[in-house]
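User: Hi! I am new to this structure and would like to learn how to read its features. Could you take me through them one at a time?

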Amino acid sequence: MADAVLFEFLHTEMVAELWAPDPDPGSGGKRRSLSVLEGLGFRVGQALGERLPLETPAFREELDALKFLCRDLWAAMFQKHMDGLRTNHQGTYVLQDNSFPLLVTMGSGPQYLEEAPKFLAFTCGLLCGALHTLGFQSLVTASVASLPACKFQVVIQKS
Amino acid sequence: MAVCIAVIAKENYPLYIRSTPTESELKFHYMVHTSLDVVDEKISAMGKALVDQRELYLGLLYPTEDYKVYGYVTNSKVKFVMVVDSSNTALRDNEIRSMFRKLHNSYTDVMCNPFYNPGDRIQSRAFDTMVTSMMIQVC
């Protein structure tokens with residue numbers, strides 16, 4: 001299972017590199033670094049959104065695309081499935097991962113809670129990019145109440 | 001083999017279109033353009049179908065006296081259209097289907113190319129080569 005950790009290490013170094021020049025630059029710098037990570041994730045998501053469904057039957061509705069992210073996208077990236085998917089059937093979805101691999105190495109509990117957003121920005125971009133390729137404009141935000149569990153809130157924008 | 005192959009973006013503008021012979025180019029562009037209405041009909045019919053009809057391959061869109069037009073739509077809503085000479089009776093459905101699969105595979109490679117901006121026209125040499133192999137005249 002060496003393959004599984006390679007991306008985790010790469011991701012760790014991506015985050016470290018973006019914050020290396022100025023560890024505490026204030027809100028402007030932090031937001032910019034988060035945006036860079038989201039942009040990276042977006043492009044990766046665009047490509048994966050095209051390649052992964054190659055063998056998948058056609059999606060009939062929005063929910064099919066979200067289920068695809070929870071199963072196939074997560075399996076390709078993190079070698080597991082999402083633990084839960086909830087929706088209000090009005091375009092808002094909450095994707096729950098109780099043991100998110102990019103957070104697992106921090107241990108559990110509240111110690112590194114403040115740092116967590118750095119490690120979720122790439123994945124937010126990933127989800128947004130994959131949905132964009134599949135034809136949905138979305139707004140993706142992440143929240144962490146207690147490591148290593150996290151939630152991604154996906155709001156599909158009606159066009 | 002195909003006389004015209006087109007890749008249409010989800011916003012319905014051409015990402016790639018190639019035809020042979022080039023003197024008939026306008027005619028083939030017109031046929032591809034016309035076929036998009038049929039593609040849209042098939043896609044919306046798919047969404048309403050009670051039976052589980054989830055094929056990416058849309059089959060024969062419409063025949064004309066001289067040509068047959070086939071369609072394929074990806075999960076990312078990109079459409080592939082292929083025009084085949086009607087006189088080429090050797091081509092069967094399975095072969096058309098596998099040609100579309102090759103096209104889809106090659107398109108995903110383009111999408112994963114770090115120098116390709118999604119939404120731009122396709123200018124990949126590898127993609128060109130693959131399309132050429134599907135357009136070579138056997139006779």
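User: Which side chain meets that of Lys118(A) in a salt bridge?

Analyst: Happy to help, and a word on the model comes before the answer. This is a predicted model, where local features need pLDDT of at least 70 and side-chain atom pairs count only at pLDDT 80 or more, while totals for chains, interfaces and linings use all residues. Residues are numbered from 1 along each chain as its sequence is written, chains are lettered from A and ligands numbered from 1 in the order in which they are written, and side-chain values use heavy atoms, with hydrogens and water left out. Now the general idea: side chains of opposite charge can pair when their charged atoms come close. A salt bridge here is a side-chain nitrogen of Lys or Arg within 4 Å of a carboxyl oxygen of Asp or Glu. The partner of Lys118(A) is Glu115(A), at 2.7 Å from N to O.

User: Are Lys118(A) and Glu115(A) buried or exposed?

Analyst: Buried means under 20% relative accessible area, exposed over 50%, and partly exposed in between (1.4 Å probe, protein chains only). Lys118(A) has a relative accessible area of 16%, so it is buried. Glu115(A), with 32%, is partly exposed.

User: How many salt bridges does the structure hold over all chains?

Analyst: There are 6 over all chains. One of them pairs Asp97(A) with Lys80(A), whose closest N and O atoms are 2.5 Å apart. That pair links distant parts of the chain, 17 residues apart: Asp97(A) is in strand S2 (residues 92-97) of chain A, and Lys80(A) is in the loop between H3 and strand S1 (84-87) of chain A. Helices (H or I, at least four residues) and strands (E, at least two) are DSSP runs, numbered from the N terminus. Both Asp97(A) and Lys80(A) are buried. Together with Asp83(A), they are linked in a network of salt bridges.

User: How do I read the interface, and how much area do chain A and chain B bury between them?

Analyst: The size of an interface is often given as the accessible area lost when the parts come together. Buried area is the accessible area (1.4 Å probe) that two parts lose on being put together, summed over both. For chain A and chain B this is about 1900 Å², with 46% of it on carbon and sulfur atoms. Across this interface the rule finds 1 salt bridge. The side chains of Arg51(A) and Asp109(B) meet in a salt bridge, 2.5 Å from N to O. Arg51(A) lies in helix H2 of chain A and Asp109(B) in helix H2 (residues 93-112) of chain B, so the pair joins two chains. Arg51(A) is partly exposed at 30% relative accessibility, and Asp109(B) is partly exposed at 43%.

User: Where does H3(A) bend?

Analyst: The bend at a residue is the angle between axes fitted to the seven residues ending there and the seven starting there. In H3(A) there is a bend of about 35° at Leu69(A). Leu69(A) is among the buried residues of this helix, which include Phe68(A) and Cys70(A). Just after H3(A) comes Gln79(A), with a positive phi near 55°.

User: Which residues is Ser33(A) in contact with, beyond its neighbours within four places in sequence?

Analyst: Contact means heavy atoms within 4.5 Å, and those residues are Leu18(A) and Trp19(A). Ser33(A) sits in helix H2 (residues 27-51) of chain A and is buried at 6% relative accessibility.
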